[in-house]
Amino acid sequence: MGALVVFSVVCVVVDACFVEPDDVVLEVASIHANVRAPLVVAHLSDLHAGELGVRESRAIALLEAAHPDLVVVTGDVVDGGTLEPARAFFQKLHAPLGVLVVRGNWEHWRPPPDERAFYASVGAKLLVNEGLAIRDDVWVAGLEDESSATPDLAKALVGAPSTGMKIGLFHSPSFFDRASASFQFAFAGHTHGGQVRIPFMAPPWLPDGSGRFVSGFYTRGGSQMHVSRGIGTSIAPIRFACKPEVTVVTFVPAGP
């Protein structure tokens with residue numbers, strides 16, 4: 001019995017430290033929305049990027065196979081100081097409607113210099129309480145992180161049309177309860193899905209700003225939100241029962 005316990009513990013440690021952190025999986029969903037034509041959006045979050053390693057290469061391969069129209073990145077791109085560790089990763093992100101990024105808490109805790117210049121140099125766009133039309137029927141608003149800064153909904157919706165679909169991007173999902181009425185759909189991250197999970201139990205720890213959200217899809221009123229488990233790790237470089245993910249959501253016309 002003692003040997004079995006030791007063997008089980010060793011298997012868990014190997015999985016948590018060496019297997020699961022790099023085992024990026026693809027999650028897919030199809031959602032009816034107020035769009036005139038299908039829109040494929042790939043959602044990435046919490047890269048906590050270092051070098052372009054196994055994990056990052058796996059995420060890129062999944063993205064390339066999915067052929068998204070738009071890529072959105074909901075914060076915590078790096079752990080701080082400089083965005084350069086993420087350069088090689090972003091240089092491999094391509095989508096016809098662009099790559100859009102919002103800040104997470106780490107970008108405020110350890111602000112990187114020249115963020116806009118960096119993202120422009122890799123073909124991405126940083127949204128800081130601002131929005132843009134990616135198509136004439138879709139407006140995307142990027143908000144500051146509620147757990148570390150001040151999101152401004154009114155500013156991010158300046159110029160948004162009264163019709164069509166509005167998508168919100170922000171890091172901490174707790175903001176959804178305050179912002180859901182402004183969007184038909186939102187993307188968030190921050191939670192890492194708990195990062196280390198005990199099956200059939202609530203996560204033992206979630207960061208401030210998670211609220212009632214862990215991972216997956218949530219509905220409030222007429223709005224939905226996807227909370228990503230993220231790609232990287234934070235605090236400790238481990239995952240258990242909580243694989244990193246790339247999520248691809250296809251929005252399809254709701255019909256007549």
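The largest pocket in this predicted model has a volume of about 360 Å³. Its lining comprises 21 residues, and those closest to the centre of the pocket are H192, W205, P207, S234 and I235. By residue class, the lining of this pocket divides into nine nonpolar, nine polar and three charged residues.

Attention turns next to charged pairs. Side chains of opposite charge can pair when their charged atoms come close. A search of the whole structure returns 13 salt bridges, and three of these are described here in turn.

One of them joins R229 to E27, with the closest N and O atoms 3.0 Å apart. R229 sits in the loop between β11 (223-227) and β12 (245-253), while E27 belongs to strand β1 (residues 25-33), so this salt bridge ties together parts of the chain that are 202 residues apart in sequence. The two partners can also be described by their accessibility. R229 has a relative accessibility of 15% and therefore counts as buried, because the cut-off for that class is under 20%. E27, with a relative accessible area of 31%, is partly exposed.

A second salt bridge brings together the side chains of E115 and R103, at 2.8 Å from N to O. This pair links distant parts of the chain, twelve residues apart: E115 is in helix α5 (residues 115-121), and R103 is in the loop between β4 (99-102) and α4 (105-109). Here E115 counts as buried, at 10% relative accessibility, and R103 counts as buried as well, at 18%.

Helix α5 also holds R116, whose side chain meets that of E130 in a salt bridge (2.7 Å, N to O). E130 lies in strand β6 (residues 130-135), and the pair links distant parts of the chain that are 14 residues apart. Both partners are partly exposed: E130 has a relative accessibility of 22%, and R116 has a relative accessible area of 44%. Helix α5 thus supplies a partner to each of two salt bridges, through E115 and through R116.

Shared partners come into the picture too. E27, R229 and E245 are joined into one network by salt bridges that have partners in common. The pair between R229 and E27 described above accordingly involves two members of this network.

Technical notes
Residues are numbered from 1 along each chain as its sequence is written. This is a predicted model: local features need pLDDT of at least 70, side-chain atom pairs count only at pLDDT 80 or more; totals for chains, interfaces and linings use all residues. Side-chain values use heavy atoms; hydrogens and water are left out. A salt bridge is a side-chain nitrogen of Lys or Arg within 4 Å of a carboxyl oxygen of Asp or Glu. Helices (H or I, at least four residues) and strands (E, at least two) are DSSP runs, numbered from the N terminus. Buried means under 20% relative accessible area, exposed over 50%, partly exposed in between (1.4 Å probe, protein chains only). On a 1 Å grid over the protein atoms alone, a cavity is a set of points where a 1.4 Å probe fits but cannot get out, and a pocket is an open set with protein on both sides within 12 Å along at least five of seven lines; lining residues have an atom within 4 Å of a point. Grid points are joined across faces, edges and corners, and a volume is the space filled by probe spheres set on the points. Ala, Val, Leu, Ile, Met, Phe, Trp, Tyr, Cys and Pro count as nonpolar, Asp, Glu, Lys and Arg as charged, and the others, Gly among them, as polar.
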